[in-house]
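Colleague: I would like to go through this complex with you. Could you take me through the sheets, the contact between the chains and the cores?

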Amino acid sequence: MATHDKETEGKFELSRRDFLKAGAAAAVVGATGADMVFTASRAIAADVAATYTTTCPYCSAQCGQKVDVDASGNVLDIYGDSNNPTSRGGLCSKGAGSYQLVNNVRRLGVPEHTAAVDGFDFTGTAWKRIGNGAWSAIALDTAMTEIVAGDGGNHAGLKAIRDSLGAVTAGSTAASNAKTVMFFGSSHMNNEPNYLYRKVIAEFGTSLVEHQARI
Amino acid sequence: MTNNWVDLDNSTMFFVCGANPAENHPASIGHVNTARFDVNGRGRNATLVVVDPRQTRTARMINSGYDATNVNDMRKHDRYVRIRPGTNIAFINGVLNSIITWMYANPTSTAAINFFAWHNSTAPGSAKARSFICDDGTTDNVSGWPTYCDSRLKVDAVTGDYQREDKLSDGGKLISNFPLLAADVEDPDCVFQKLKSHVAMYTDTAVAEICGCTTADIAAVRDAFIANSRCSSSDFGAAAHPDNIKAAGYRAACIMYAMGGTQFTSGSQGIRSYAVIQVLMGNMGRAGGGINALRGIHNVQGSTDMGNLFDLIPGYSANPAEGQTYEAYTNGLFGNRVLPGTAPVTSTLKSAYTEDDIAWQQRGFYNMTREFFGSRAIVSSPADHADFDRLYDCWPKGNGVPHIESFRRMDPVWAGANSKPQIKACVVWGQNPAVTEPNQSAVRKGLEALDLLVCTDMFANETAQCKRKDTGVTYLLPACSHVEEAGSVTSSGRWMQWRDKTTDPMGNSKSDLELLHRFAKALSDGGAFSHITAQWAGTALDGLDAYDVLWGKYGWDGVSPFEEVSGVDYEGNVLLGSEYVAEQVYKEMCAPVGGYVGTGAAGFEGGHKGTMWIYSTGNTNAHGGGYNPDQTGNVTPPMTPAVSWGMANKAKSRNGTDAGDAFQYPRYGWAWLLNRRIFYNNGELSGDVADVFVAPGWMARLWITGGTNTLADWSWLYRKYSQLSDVPDAGVGTNHVYPGRFPAFTEPYETPYDGTGTKPNLVAAWGRNTKGSVSGVVGTTGNLIFSDSARGTAADYPLVLTSIRCVEHFQGGPITRNNPWNVELEPDPWVELNSVDALAAGIKDGDWVNIVTARGNSTTDMDDRTIMTGALAAGAWNKGWKARVGVGTLANQRVAPGTVAIPWHWGDRGLGVGARANDLCIDAWDANTTIPEYKACLCRIEKVTP
């Protein structure tokens, strides 16, 4: 497991031992029903340029989180917000580990991503594969254009696929509701992108949308 | 949640059935413990009752000791009850039967006297004068309406609807079609007696056989409920007072459930059974009471509110139907009658095209139609509404396709055989169906056949890297984490909290807001919105660019760097990038539906009228929505001493120091509706506005505020009696007395009690659930699963498989199985086995186990649907499950003989990989929600020989 530590070496101050302590505390929650405990920021105080407020990205308790960042915008630590009435400063082993979700070399598009992690270079802005071939980097704007209009050979775009059984037409008939493109949305998004996602789907001319609330 | 996380502090009983909060919602445990160990010094201690097939870590919290000298120490009722997966309803109905029987058997007890006084409306506060809509369109009170429940309403034996009468209001106005109230609950026609006869079939012995529990278990849970409900509370019959909930003698039981309540073919009925028992026991609208869904993902409440589902649009409004006019559609929403009713109430009261004539949900929809497909510059009047109608025409008419069916429709063979349009492209934004959807073989068959697949995620997950046909093209777009994008999220307790943007999206990753704007821009530029712009001909929008009109208003011009967008909020703070765009969208959703008066700081862009009616408010005065610049004073609910909001965007409010009278932190974030922290509180909670609960006419009160258009005649909608359409396929008229009307136990679609194995045939006696079209008529067997889905029987698969979660990993896995530390804590998926089953299969603790169901197994790649060779070869994920074998007696073991439990977080991609639970789980679905029956299917187990 030492290799896991190496992935964060030299960039972040939080040690694996610190985390496992928090994780162990959370495990105690499960074992005995103890409260979650508050752990103060593990960032070096002198490095902290700003502290922000957010909520945990895991379960729907939405525990409060504080985020320390340095002057360059690096996230130094994510820890419990003791002002939050729900979580009172505590985080479970997922929430306490969300620091690592943010500073994760396996993330798409981050410069730290190395081909060694997945076998592909995911440092770019978007990726494409044909069949089961390898991923290749593609510019984000190009990807968006191809998604909508097709890539001029391999596949048709969303618009042509949408209209393949007849063009979408405003009105009160079934023609207003395309049946050939399915959308899956996400409880992992904030309210605003959720609202816009439902909006763009309606504007695209379909009600074929589902997300995790069904599962 | 009808209540919220913090309110757990006020409970005296936690009834946990279908949840494991100690592992899956750990934040709740601090509040459970606050109540159990009396941290707030109220002289009372709460009991914990856990009903679950597994002796979870939550169940392990019971029996922490109690003070036998303190009558208010409820921990003496602590109990863990082990039931078979899929039998929740039988157990609840058994408890209901036991409670009602007890009440009749102990007529001189205080609890029974109070219980009947409550249901007969003879106790103080159990009936009130309520405002109803009269036939002439005005409102007037009717005295003596039951405060919380419909137990005295009389039911028509033939139609199943309520009996009706012409009623005169207190002021002598005619109200037609008014529900008829019995004199008391002894009337054989009343709801209470119907419930009594329905649950009478759930005798202690019958339930014990179904559930695999003891009759003592049922009696113990009965006693716990009676001791911790309104009938036993020190404030029974007392006037509302903030000190009530602080008394040692206060009692309120809450129900906590999660997917262990919902993931069954009868899941909705199970949740309904929770509602029945909480209403019967008077635990609704109570601090510390309620029905609390512990939802899964951090913003699943918000995403559901936003209607990203095949049958909804934002705000729980339905999709407009094919052929449905705007007036007909809006007439079905909460609001005012805009079309003539049926006789005798035939008057047309309002116009759907006059903003001031329509209310809340109607007005939100009106605003949303303009913001989605045009502009709020488009106005209408009864005389001229052609422009608005053009925008309404842009709504896709009719529902979409449920998730399980959608994957079938991607398969051209299935689509052709079933005469369905083939789905050829799929956009998966922040989800991982190649792990999370049941019966993966069918799911992956569908994904493989797509011409075009677009995935957006932080990681290259299983869905993005699923097997594809040679000509299929897949795109992958990089999303950022929660700290790199601003916006609001809505917790399970309906609290909205704002997330700061702490830094720009890292590297080349983008916020969802930016990716969505770029997607919309590309669609607009590609002509995908031409059916909308065609509608603008002849309107003020004629000739304008679709993106500029529909999306430009949020701040990004389609060209500049997104994170450099800037603007100010109402108070004048400068916002950048997603901070500003999110604020713009938030205003559109949450502003009062009638707009606001204040003009804000220099540079502020105002003029919004709210589209998300539940996040909004009806007017600009005291009752506030999530965004209301005019409402900055000490309002909703007023606090003593005064605490003002001080900001227009209340999701940003973080006053966590003032708990308020009812300990609900009313200035911390904002809760829908109207900042209600506890729904249906009916004025019992000090400082809050009266809510109302069930019963025809009553929902009207929920949204009453001042102003001209806000006293809406929603009551007429509720003069209907509605029921879920579930009907069992057997036992109707024998075991099932009023199925559909009241929750009915049915066996899972795969069950050991199917008559083919060693167990009695309970399927013949109780049936399975079906989707029915006519109430009371036996349903069509098996209509909650596709006929081509594989199903096993007990003869071949004798064990019950149930899926679970653990604290270290999350849902479909990408956001924990890529974190080294989470993976180190839980590297491999495991299987929980009883020692009896393990011994029979020759399995020792730590062995690898293959699980086999009719749909697949865990050591082969089912139907070769995963990329196992080449550049994208998946890791060694299909090695089975690591055995965790119980030791000691049954009482010590996690699962009972016959039950097998597996976590569902693992998949074939990521840092940590492992067997996929959904290669195994059945794709049968709930009759109302289409949630799959993840919690119960049949399997057998085999030791994996290395």
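**Sheets, interface and cores**

Modeller: Let us begin inside chain B, where β12(B) and β13(B) run parallel and are joined by 5 bridges. Across that pairing, B:A425 has B:L452 of β13(B) opposite it. Please keep in mind that this is a predicted model.

Colleague: What lies on the other side, that is, how many bridges join β13(B) to β14(B)?

Modeller: There are 6 bridges between β13(B) and β14(B), and these strands run parallel. One facing pair is B:V454 with B:Y475 in β14(B).

Colleague: Is β13(B) covered on one face or on both?

Modeller: On both faces: B:L452, B:V454 and B:T456 are buried on one side, and B:L453, B:C455 and B:D457 are buried on the other. In total, 6 of the 6 residues of β13(B), which spans residues 452-457, are buried. As background, side chains in a regular strand alternate between the two faces of the sheet.

Colleague: In what order do the strands of the open sheet stand?

Modeller: The order is β5(A)-β4(A)-β14(B)-β13(B)-β12(B)-β6(A)-β7(A), which makes 7 strands with mixed pairing. β5 (136-137) and β7 (209-210) of chain A are at the edges with a single partner strand each, so each has one side without a neighbour in the sheet.

Colleague: Where do the chains meet in it, starting with β6 of chain A?

Modeller: Strand β6 of chain A, residues 181-184, pairs with strand β12 of chain B, residues 425-429, in the parallel sense over 4 bridges. Within this pairing, A:F184 is opposite B:V428. A further junction is formed by strand β4 of chain A (residues 127-130) and strand β14 of chain B (residues 473-478), which run antiparallel and are joined by 4 bridges. There, A:R129 faces B:T474.

Colleague: Beyond the sheet, how many residues of each chain are in contact?

Modeller: The contact involves 149 residues of chain B and 127 residues of chain A. On the chain B side, helix α18 (residues 512-525) supplies the largest share, 8 residues. By class, that side of chain B has 72 nonpolar, 54 polar and 23 charged residues.

Colleague: Changing topic to chain A: what does it contain?

Modeller: Chain A has 8 helices and 7 strands. Of its 215 residues, 60% count as buried. Among the contacts in chain A with a separation of 6 or more, 41% are between residues 24 or more positions apart.

Colleague: And α8(A): how many of its residues are buried?

Modeller: The count is 14 of 14, so α8(A) is largely enclosed by the rest of the structure. Its length is also consistent: at 1.5 Å a residue, the 14 residues of helix α8 (residues 191-204) of chain A should span 20 Å, and the end C-alpha atoms are 20 Å apart, which agrees. Just after α8(A), A:G205 has a positive phi of about 100°.

Colleague: Which residues have the most contacts inside the largest nonpolar core?

Modeller: They are B:F14, B:V49, B:L801, B:I851, B:V900, B:I902 and B:C939, in a core of 308 residues. Helix α3 of chain B, residues 88-105, gives the largest share of this core, with 8 residues. There is also a second, separate core of 6 residues, which includes B:C134, B:V142, B:I175 and B:F178. In general, nonpolar side chains tend to be buried together in soluble globular proteins.

Colleague: What does B:V900 touch?

Modeller: Leaving out residues up to four places away in sequence, B:V900 touches B:L799, B:V800, B:L801, B:V831, B:L833, B:I851, B:V895, B:C939 and B:I941.

Colleague: Next, which residues of α6(B) are buried?

Modeller: In helix α6 of chain B (residues 204-211), B:D204, B:V207, B:I210 and B:C211 are buried. These residues cover an arc of only 130° around the axis, which puts them on the same side of α6(B). The buried residues of α6(B) pack against α3, α7 (215-227) and α23 (762-766) of chain B. After α6(B) comes B:G212, whose phi is positive, near 75°.

Colleague: Finally, how is the open sheet of 3 strands in chain B ordered?

Modeller: The order is β15-β16-β19, with antiparallel pairing. β15 (487-490) and β19 (670-671) of chain B stand at the edges with a single partner strand each, so one side of each lacks a neighbour in the sheet. Strand β16 (residues 495-499) of chain B pairs with β19(B) over 2 bridges, and B:W495 has B:A671 in β19(B) as its bridge partner.

Conventions. Residues are numbered from 1 along each chain as its sequence is written. Chains are lettered from A and ligands numbered from 1 in the order in which they are written. This is a predicted model: local features need pLDDT of at least 70, side-chain atom pairs count only at pLDDT 80 or more; totals for chains, interfaces and linings use all residues. Two strands pair if DSSP finds at least two bridges between them. Two residues are in contact if their C-beta atoms, placed from the backbone, lie within 7 Å. Ala, Val, Leu, Ile, Met, Phe, Trp, Tyr, Cys and Pro count as nonpolar, Asp, Glu, Lys and Arg as charged, and the others, Gly among them, as polar. The expected span of a helix is 1.5 Å times one less than its number of residues. A residue is buried if 20 or more other C-beta atoms lie within 10 Å of its own, exposed if 12 or fewer, and partly exposed in between; C-beta atoms are placed from the backbone. A nonpolar core is a set of buried Ala, Val, Leu, Ile, Met, Phe, Trp, Tyr and Cys residues joined through C-beta atoms within 7 Å. The arc is that of the directions from the helix axis to the C-beta atoms.
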